[in-house]
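The exercises below are to be worked with the sequence and the model at hand. Try each task before reading its solution.

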Amino acid sequence: WKDESDNTITQIAKGSTGDLTLTATWNVKSSNIELCENCNDAHYNTFKDNYNNEIVNVTYNRQFTAERWSTMCLPFSIELPEMITQKMYGRVYEFKYATGNANVGSGVNLYFSNAKKIEAGKCYIVNADAKLAEKTSFVFSNVKIDVSKDLGEALNSKEAYDRLSNANGYKTKGDIELVGMLRNGTLKGSDTGNTYMGLKSNKIYYPNISQGSTIWAYRGIFRSSSELNIEKMRIIVDGEDRGELIIDADGELLNASGDAPSRKFIRDGVLYIEREGVIYDAQGKRVED
């Protein structure tokens, strides 16, 4: 039998002169591996090179804010009992699919279900309660590091999007996917066929088109190949409407005079504003439709 608590495997062999007990012991490579929510790539590369496919103890330093949405991606898998111990069960959700047609103004619904385990490299969203928000670090014992699903290196490439779609064998309804990343990524929103968004508090924010936007390690992004009406996006968990997400301008969207109604949308990874039939980019420059 295998004893996870003291890292041993014991086998009893039957013989004519009595039983022989054989015990094999393996060592956890390190008991002081730390993940931090704003780790830089140098930290990630050292971690990846030294510990991939190893059984280690990990301290995940992060504090969630109560009743706010966050994304989370871990380089190891944990099962339901550990999620309960860490006060994560019932607050961690996995993305299922999206519906909606921005072209007819119905907006986009993002459907999730309550996660019963966490898979390495897969992104989840977290809505912390007070108990979960009290924690500043999470200690996971004897987990196997798996960085094979790391997608944080080339997220801005059309090729990366195509590889992901081909690997899945299909595109989800609405052509939206929630992609986990284990290293930092700079999202420029400039490549055809890709739209990048991340969750920040109760808001969806988009990359600063002119400067780029850094998504920290062990997080995730929403990515889409279709036009999104980003003013109408809702989270639905197991059939329950959890409310509409607010779009974070993170600064002024459009320097243009007038109070005419406007519509914000993302197409091919770029944010646009439509006002009185005229389309502008996020910096207020008029563009052709």
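**Exercise 1.** Which residues of helix 1 (residues 41-51) are buried? State how they are arranged around the helix axis.

*Solution.* The model is a predicted one.

Step 1. Buried means a relative accessible area under 20%. In helix 1, Y44, F47 and Y51 are buried.

Step 2. Viewed down the axis of helix 1, these buried residues fall within an arc of 75°, so they line one face of the helix. The spacing follows a general rule: an α-helix has 3.6 residues a turn, so residues three or four places apart point the same way.

Step 3. A42 and D49 are exposed, on the other side of helix 1.

Step 4. Just after the helix, N53 has a positive phi of about 70°.

**Exercise 2.** Find what the buried residues of helix 1 pack against, and describe the sheet that holds those strands.

*Solution.* Step 1. The packing partners of the buried residues are strand 4 (33-36) and strand 5 (55-61). Helix 1 lies across both strands and runs at about 145° to strand 4.

Step 2. Strands 4, 5 and 10 form an open sheet in the order 4-5-10, with mixed pairing. Strand 4 and strand 10 (137-144) are at the edges with a single partner strand each, so one side of each has no neighbour in the sheet. On average, neighbouring strands here are turned by 25° against each other, direction ignored.

Step 3. Six bridges pair strand 5 with strand 10 in the antiparallel sense. Y60 has F138 in strand 10 as its bridge partner.

**Exercise 3.** Give the strand order of the six-stranded open sheet, then follow the pairing of strand 17 with strand 18.

*Solution.* Step 1. The order is 6-9-7-8-17-18, and the pairing is mixed. Strand 6 (69-73) and strand 18 (240-244) are the edges; each has a single partner strand, so one side of each is left without a neighbour in the sheet. The average turn between neighbouring strands of this sheet is 35°, direction ignored.

Step 2. Strand 17 (residues 233-237) and strand 18 run antiparallel and are joined by three bridges. The bridge partner of I236 in strand 18 is D241.

**Exercise 4.** Is S70 buried or exposed? List its contacts beyond four places in sequence.

*Solution.* Step 1. S70 is located in strand 6.

Step 2. Its relative accessible area is 13%. The cut-off for buried is under 20%, so S70 counts as buried.

Step 3. Leaving aside residues up to four places away in sequence, S70 touches R62, F64, Y124, I125, V126 and L199.

Methods. Residues numbered from 1 in each chain as written. Predicted model: local features only at pLDDT ≥ 70, side-chain atom pairs only at ≥ 80, totals over all residues. Heavy atoms only, no water. Pairing = 2+ DSSP bridges. Helix = DSSP H or I, 4+ residues; strand = E, 2+ residues; numbered from the N terminus. Axes fitted to C-alpha atoms, helices over the stretch in contact; angles between N-to-C directions. Buried < 20%, exposed > 50% of the residue type's maximum accessible area, 1.4 Å probe, protein only. Arc of directions from axis to C-beta. Contact = heavy atoms within 4.5 Å.
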